[in-house]
Each structure stands twice: as C-alpha cells, then as structure tokens.
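Please read the following account alongside the sequence and the coordinates, moving from individual loop residues to the fold as a whole and then to the way its helices pack.

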Amino acid sequence: MISHAWLEYDGKKTDVSLAVTAHPDVSPAGQLIILDRVVKRGHEYSYHREMTTAWLLQLQKMRMVGQQALVDHKMEEHSLMTARSTQTDLIRSYLDGEPNGLTYEKIVAFIES
C-alpha cells in the first residue's frame, strides 16, 4: 500500500500520479485515469481513503523486524497526502508538479474536450 492522492468528481476518480512512480522496480507504474476512464494502461492499484486493517498489521510486522525507518517514512507520506487532500493550495501545487505534465488546467481541458 502506498499513499498518494487522487481526485473525485461526481463519484468518478481521476488519478494522474501513479502513471509515473519513483521506484518502478518496487511500485510499478499504474493507470492514468481521468473521470474513471483509463487514458494510459498500467498496474491496477486499489484505492482506500483510510489505511486498511491489513495495512496497519503489515506496518506493525515491519516495525517488529527492524524496518521502523521505512514505517516512519510511510506514515509521514500518508500524513502529507492527507493534509494535501484538505487544502486547495496544496492540491493545486501537487497537480501543477504532476510528473506526466497534467496540470490542473490540462486536466480540465481534457475533461471538457
């Protein structure tokens, strides 16, 4: 499970961030999705607003085998993504830095076309 952000509008998902991953050998590139339409194929990830019980148990196991630094990193990443989801300026800056070049304006133009 990785923490990332996606947009929802009228119950439809837009995810531009998983199509490019920092470590594709660990986290393969995912689908590029705009309003539930797959624009670019990739790995099919699941989506959860909250950490699942299974993920929390996995984090606990990781702590017990000496991977505390990785767990801390994942928790920090999750907190950052949660904060981004609640603040318009952070949402906008996140989209404007999107690695596929799909800024907010480009997403809007794609949807309106």
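Asp 10, in this predicted model, counts as exposed because its relative accessibility is 68%, which lies over the 50% required for that class. Asp 10 sits in the loop that joins β1 (7–9) to β2 (12–14), and its phi is near 50 degrees, a positive value in a residue that is not glycine. A phi near 50 degrees, again positive in a residue other than glycine, is also found at Leu 35, which belongs to the loop between β3 (32–34) and β4. With a relative accessibility of 25%, however, Leu 35 counts as partly exposed.

The loop between β3 and β4 also holds Asp 36, a partly exposed residue with a relative accessible area of 44%. What does Asp 36 touch, if residues up to four places away in sequence are not counted? Its contacts are with Gly 11, Lys 12 and Lys 13. A distance can be added to this picture, in that the C-alpha atoms of Asp 36 and Thr 14 are 6.4 Å apart in space, although the two residues are 22 apart in sequence.

Stepping back to the whole protein chain, one finds four helices and four strands, which follow one another from the N terminus in the order β-β-β-β-α-α-α-α. The C-alpha trace spans about 50 × 30 × 25 Å along its principal axes. Of the 113 residues in the protein chain, 27% are buried. Among contacts between residues at least 6 apart in sequence, 40% join residues that are at least 24 apart.

The confidence of the prediction should be kept in mind while reading these details. The mean pLDDT of the protein chain is 83, and 96% of the residues reach 70 or more. By element, confidence is highest in strand β4 (residues 37–40), with a mean of 91, and lowest in α4, where the mean is 79.

Turning to the helices, the loop between α1 (53–64) and α2 contains Gln 67, which is partly exposed at a relative accessible area of 35%. Gln 67 and Lys 12, which are 55 residues apart in sequence, lie 36 Å apart in space when taken from C-alpha to C-alpha. Within helix α2 itself is His 73, whose relative accessible area of 46% makes His 73 partly exposed. The C-alpha atoms of His 73 and Ile 107 are separated by 30 Å, the two residues being 34 apart along the chain.

How do the successive helices meet? The axes of helix α2 (residues 68–84) and α3 come within 8 Å and cross at roughly 110 degrees, and α2 and α3 are therefore roughly perpendicular to each other, given that this description covers angles from 65 to 115 degrees. On the α2 side the residues involved are Met 81, Ala 83 and Arg 84, and these meet Leu 90, Ile 91 and Tyr 94 in α3. By class, the residues of this contact divide into five nonpolar, no polar and one charged.

The axes of helix α3 (residues 88–96) and helix α4 (residues 104–112) likewise come within 8 Å, and they cross at roughly 80 degrees. This angle means that α3 and α4 are therefore roughly perpendicular to each other. Arg 92, Leu 95 and Asp 96 of α3 make the contact with Tyr 104, Glu 105 and Ile 107 of α4. Here the classes comprise three nonpolar, no polar and three charged residues.

Which residues form the largest nonpolar core? This core has six residues, namely Val 16, Ala 19, Leu 32, Leu 95, Leu 102 and Ile 107. Leu 95 and Ile 107 thus appear both in this core and in the contact of α3 with α4. When neighbours within four places in sequence are set aside, Ile 107 is in contact with Thr 14, Val 16, Leu 95 and Leu 102. A second core, separate from the largest one, has five residues, among them Met 51, Leu 59, Met 62 and Val 71.

How values were computed
Residues are numbered from 1 along each chain as its sequence is written. This is a predicted model: local features need pLDDT of at least 70, side-chain atom pairs count only at pLDDT 80 or more; totals for chains, interfaces and linings use all residues. Side-chain values use heavy atoms; hydrogens and water are left out. Axes are lines fitted to C-alpha atoms, for helices over the stretch in contact, and angles run from 0 to 180 degrees between N-to-C directions. Helices (H or I, at least four residues) and strands (E, at least two) are DSSP runs, numbered from the N terminus. Angles under 35 degrees count as roughly parallel, over 145 as roughly antiparallel, 65 to 115 as roughly perpendicular and the rest as oblique. Contact means heavy atoms within 4.5 Å. Ala, Val, Leu, Ile, Met, Phe, Trp, Tyr, Cys and Pro count as nonpolar, Asp, Glu, Lys and Arg as charged, and the others, Gly among them, as polar. pLDDT is the predictor's confidence in each residue, from 0 to 100. A nonpolar core is a set of buried Ala, Val, Leu, Ile, Met, Phe, Trp, Tyr and Cys residues joined through side-chain atoms within 4.5 Å. Buried means under 20% relative accessible area, exposed over 50%, partly exposed in between (1.4 Å probe, protein chains only).
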